[in-house]
Amino acid sequence: MTLSKTPPVLDELDLQILAVLGERADITNKALSAQLGLAESTCAHRVRSLRTRGIIRDTRIRLDEAALGYPLQAMIKVRLANHTGAKVTALFDALVAIPRVLQVFHVAGVDDFLVHVAVQDAAALRDIVLEHITVHPVVRGTETQLVFELRDGRGLLG
């Protein structure tokens, strides 16, 4: 994710469309236009414009990790020994490529990365840390925290 320097211009209709899509990304254009009281062509044009401008980045499904055999989630804090741009970028690329990694955050503070994973058991979690993270010479240390429960926030427009 890159940070935009100037926020895009959004009108009230754009915000209404985004609010509905934020709640239900799989809504059909017909249902979206009916809910907002718009012509289907207007609605389709607006959604296409939001995608073209990069405001809607993608549409994803959310999986139930436990139902797929990965009931254990954790956040792995990663601290670096040095912070050269190339090494940070290389590690970031390596972290997102690890199997069972859900998200990777490059953060400020004591830790440099937070790696959100879903795995089948504690042994698989250990293997991610030992075989995929601490093997990088730039990594100074890790700390793993188990996730007991995860809930979504209200989001940007909630």
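Here are five short exercises with worked solutions on a predicted model.

**Exercise 1. Find which side of α1 is buried, and what covers it.**

Start with the helix itself. Helix α1 runs over residues 12-23, twelve in number, and spans 17 Å from first to last C-alpha, close to the expected 16 Å at 1.5 Å a residue.

Next, pick out the residues under 20% relative accessible area, the cut-off for buried. In α1 these are Leu13, Asp14, Ile17, Leu18, Val20 and Leu21. Looking down the axis of α1, you find the buried residues within an arc of 165 degrees, so they line one face of the helix.

Now turn to the other side of α1, where Glu12, Gly22 and Glu23 are exposed. Finally, ask what sits over the buried residues of α1: the cover includes α2 and α3.

**Exercise 2. Work out how α1 and α3 are oriented, and which residues meet.**

Take the axes first: those of α1 and α3 come within 11 Å and cross at roughly 85 degrees. That makes the two helices, α1 and α3, roughly perpendicular, since angles of 65 to 115 degrees fall in that class.

Then list the residues. From α1, Leu13, Asp14, Ile17, Leu18 and Leu21 meet Arg46, Val47 and Leu50 of α3. Sorted by class, this α1 contact with α3 has six nonpolar residues, two charged and no polar ones.

**Exercise 3. Do the same for α2 and α3.**

Helix α2 covers residues 29-36 and helix α3 residues 40-52; their axes come within 9 Å, crossing at roughly 105 degrees. So α2 and α3 are roughly perpendicular to each other as well.

On the α2 side, the contact is made by Asn29, Lys30, Leu32 and Ser33, and on the α3 side by Glu40, Cys43, Ala44 and Val47. The class count for α2 with α3 is four nonpolar, two polar and two charged residues.

You may have spotted Val47 on both lists: it takes part in the contact with α2 and in the one with α1.

**Exercise 4. Describe the buried side of α4 and its surroundings.**

Helix α4, residues 85-96, has twelve residues and reaches 17 Å between its first and last C-alpha, close to the 16 Å expected at 1.5 Å a residue. Its buried residues are Val88, Leu91 and Leu95. Around the axis they cover an arc of only 65 degrees, which puts them on the same side of α4. On the other side of α4, Gly85 and Ala86 are exposed.

What covers the buried residues? The cover includes strands β1 (72-80), β2 (101-106), β3 (113-119) and β4 (139-147), along with helix α5 (122-133).

**Exercise 5. Look at two single residues, arginine 100 and leucine 146.**

Begin with arginine 100, in the loop between α4 and β2. Check its backbone: phi is positive, about 80 degrees, although arginine 100 is not a glycine. Then check its surface: a relative accessible area of 39% makes arginine 100 partly exposed.

Move on to leucine 146, which lies in strand β4. Is leucine 146 buried, exposed or partly exposed? With 48% relative accessibility, leucine 146 counts as partly exposed.

For its neighbours, leave out residues up to four places away in sequence; leucine 146 then touches Leu72, Gln73, Ala74 and Leu125. As for one of those partners, leucine 125 is 21 residues away from leucine 146 in sequence, and their C-alpha atoms are 9.8 Å apart.

Note on methods. Residues are numbered from 1 along each chain as its sequence is written. This is a predicted model: local features need pLDDT of at least 70, side-chain atom pairs count only at pLDDT 80 or more; totals for chains, interfaces and linings use all residues. Side-chain values use heavy atoms; hydrogens and water are left out. Axes are lines fitted to C-alpha atoms, for helices over the stretch in contact, and angles run from 0 to 180 degrees between N-to-C directions. Helices (H or I, at least four residues) and strands (E, at least two) are DSSP runs, numbered from the N terminus. Angles under 35 degrees count as roughly parallel, over 145 as roughly antiparallel, 65 to 115 as roughly perpendicular and the rest as oblique. Contact means heavy atoms within 4.5 Å. Ala, Val, Leu, Ile, Met, Phe, Trp, Tyr, Cys and Pro count as nonpolar, Asp, Glu, Lys and Arg as charged, and the others, Gly among them, as polar. The expected span of a helix is 1.5 Å times one less than its number of residues. Buried means under 20% relative accessible area, exposed over 50%, partly exposed in between (1.4 Å probe, protein chains only). The arc is that of the directions from the helix axis to the C-beta atoms.
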